[in-house]
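Me: Could you walk me through reading the contacts between chains in a model like this one? I would like to start with the interfaces and then look at a helix.

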4 protein chains.
Amino acid sequence: MSELVRFGVSLDKALLEKFDRLIRTRQYTNRSEAFRDLIRQELVKEEWERDQEVIGAVTIVYNHHQRTVLNRINDIQHDFLNTIISTQHIHLDHDNCCEIIAVRGRAGDVQRLSNALKSVKGVRHETLNMSSTGKNIE
Amino acid sequence: MSELVRFGVSLDKALLEKFDRLIRTRQYTNRSEAFRDLIRQELVKEEWERDQEVIGAVTIVYNHHQRTVLNRINDIQHDFLNTIISTQHIHLDHDNCCEIIAVRGRAGDVQRLSNALKSVKGVRHETLNMSSTGKNIE
Amino acid sequence: MSELVRFGVSLDKALLEKFDRLIRTRQYTNRSEAFRDLIRQELVKEEWERDQEVIGAVTIVYNHHQRTVLNRINDIQHDFLNTIISTQHIHLDHDNCCEIIAVRGRAGDVQRLSNALKSVKGVRHETLNMSSTGKNIE
Amino acid sequence: MSELVRFGVSLDKALLEKFDRLIRTRQYTNRSEAFRDLIRQELVKEEWERDQEVIGAVTIVYNHHQRTVLNRINDIQHDFLNTIISTQHIHLDHDNCCEIIAVRGRAGDVQRLSNALKSVKGVRHETLNMSSTGKNIE
């Protein structure tokens, strides 16, 4: 962990009171912790916009009775071998499976993987969680 | 304007440097100004989630050759007389009009107006800008 | 208006029933109208991602007692003369003003205007409505 | 899988051409498949808004050198035993860990878990992937 720096911030009293209420609702320990979080959110947004190295989670829900869906999903994942870290498989019910695919790579590649999976016949829903390697958000 | 309060914030040196770079990119005057903005964004989100009094802008793009579209849009706006402040009309090209409707009211009512306009035959696009009366974000 | 084309779509019965319920809730006239809307949403997203010519509305809320805010906002708008169509001004209360700025231009320029206004001291909230010239979403 | 229903949709020729281009870009097999996807996106949004049973993935990135972070994260996960299915742990680098937590439960409970993890000291980023049990999006 890097060196801590302390500096002053000026806020209108009323705005600060509302911020303190928000901090309590969201259970932050203190103001500094809440500020860090707001800053990091913005930095992670930037990492994705600038196509930097990112971490993500692709979640897909699919009907495994659909012929070919398992093969297609597997084939696509093999096309992105260098982007995919590991996959968590959840059996939702008799028909539906969920896979949560942990990914690491350039933001653009992760987006391409996400698009490829979304369009597979049998995949009912696909979403992408945009996170960070943590390196740039000390 | 309410009284200014000054207090200390602790951040890791590396995180602070990245925040300062972000501040320069986005042309903020200083850190306090950037912090205020991050806080206000969160507070405005809350105003909308809690169905409080809000300010918004509904933007619609429509083809005025479509029979009935002008009447429907006008009728709907009259149903929301108490929510609508005023409307800006822009002639985009031979076919398309744009109206930007300034609204003030409960978040729920603004959402209902937005939905009603979105579904009108001839309306090609509708979006809602979620803003604030400014009262709670000093 | 361009020529209408009719074609067939296959959906699972249960999914179609849920879609029909959604159509009723959102007050669409018929399925075709609802489909058109879903398609247009995706096309407008693309226009913004590809930096094409777009229509937008920038909403700012500011405290006009803040020294210099009026001049700064006005100066910035003059830097974007070719992007701004017109501005609607609303007096919210004793302290707060709202301006809704209708814009037309390249998506990137609109984003730059939006960022410039967001960072002005005294501007309490800024949001950008991303809409379309209507040309590509018949 | 439930019974397939076929019905007609009318679209303007120019809009249909643009939709077909979008379908090719996103690699959908055919129009019906693309329509299904657009419908499902809207239905999943509704499931979350109405606090129904949902599937999600919570991704957190944290610095494991931060004292107490591991215990806090573990304690919180135990408070949500009935919501959490399983957790994937990724060692990002010397400092940073990533956990992707597969969750199933009421949308509100998942949101509460997400908020609780976001506010832990040492957690640098937290995001929530909103997905579906697949039951209502045949």
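Reply: Happy to; we will take two interfaces in turn and finish with one helix. Keep in mind that this is a predicted model.

Me: Let's begin with chain A and chain D. How many residues does each bring to the contact?

Reply: A residue count is a good way in. Here chain A gives 52 residues and chain D gives 52 residues. Next comes buried area: the two chains bury about 4,100 Å² between them, with 49% of it on carbon and sulfur atoms.

Me: Which secondary-structure elements of chain A supply the side that touches chain D?

Reply: At least two residues each come from α2 (31–49), β2 (53–63), β3 (84–91), β4 (96–106), α4 (107–118) and β5 (123–131) of chain A. The largest share, eight residues, belongs to β5(A). Sorted by class, this side of chain A holds 19 nonpolar, 21 polar and twelve charged residues.

Me: What is the count of salt bridges between chain A and chain D?

Reply: Zero. Polar contacts are a separate tally, and there the rule finds 21 residue pairs across this interface, both partners at pLDDT 80 or more.

Me: Now the other interface. How many residues of chain D are in contact with chain C?

Reply: Chain D uses 38 residues, which touch 38 residues of chain C. This pair buries about 4,100 Å², 59% of it on carbon and sulfur atoms. Phe7(D), Asp12(D) and Ile39(D) supply 17% of the area that chain D buries against chain C, more than any other three residues.

Me: And how many salt bridges are there between chain D and chain C?

Reply: The count is four. One of the pairs to inspect is Glu42(C) with Arg26(D), whose closest N and O atoms are 2.7 Å apart, within the 4 Å cut-off for a salt bridge. Polar contacts across this interface come to 17 residue pairs, both at pLDDT 80 or more.

Me: Where on chain D does that side come from?

Reply: β1 (4–12), α1 (13–25) and α2 (31–49) of chain D each supply at least two residues. The largest share, eleven residues, comes from α2(D). By class, the side of chain D that touches chain C has 16 nonpolar, seven polar and 15 charged residues.

Me: Finally, why does the length of α4(A) agree with its residue count?

Reply: Work from the rise per residue. At 1.5 Å a residue, its twelve residues should span 16 Å, and the end C-alpha atoms are 17 Å apart, so the two agree. Buried residues in α4(A) include Val110(A), Leu113(A) and Leu117(A), and Lys118(A) is buried too.

Methods: Residues are numbered from 1 along each chain as its sequence is written. Chains are lettered from A and ligands numbered from 1 in the order in which they are written. This is a predicted model: local features need pLDDT of at least 70, side-chain atom pairs count only at pLDDT 80 or more; totals for chains, interfaces and linings use all residues. Side-chain values use heavy atoms; hydrogens and water are left out. Contact means heavy atoms within 4.5 Å. Buried area is the accessible area (1.4 Å probe) that two parts lose on being put together, summed over both. A salt bridge is a side-chain nitrogen of Lys or Arg within 4 Å of a carboxyl oxygen of Asp or Glu. A polar contact is a pair of N or O atoms within 3.5 Å; within protein, one must be able to donate a hydrogen and the other to accept it, and residues adjacent in sequence count only if both atoms are side-chain atoms. Helices (H or I, at least four residues) and strands (E, at least two) are DSSP runs, numbered from the N terminus. Ala, Val, Leu, Ile, Met, Phe, Trp, Tyr, Cys and Pro count as nonpolar, Asp, Glu, Lys and Arg as charged, and the others, Gly among them, as polar. The expected span of a helix is 1.5 Å times one less than its number of residues. Buried means under 20% relative accessible area, exposed over 50%, partly exposed in between (1.4 Å probe, protein chains only).
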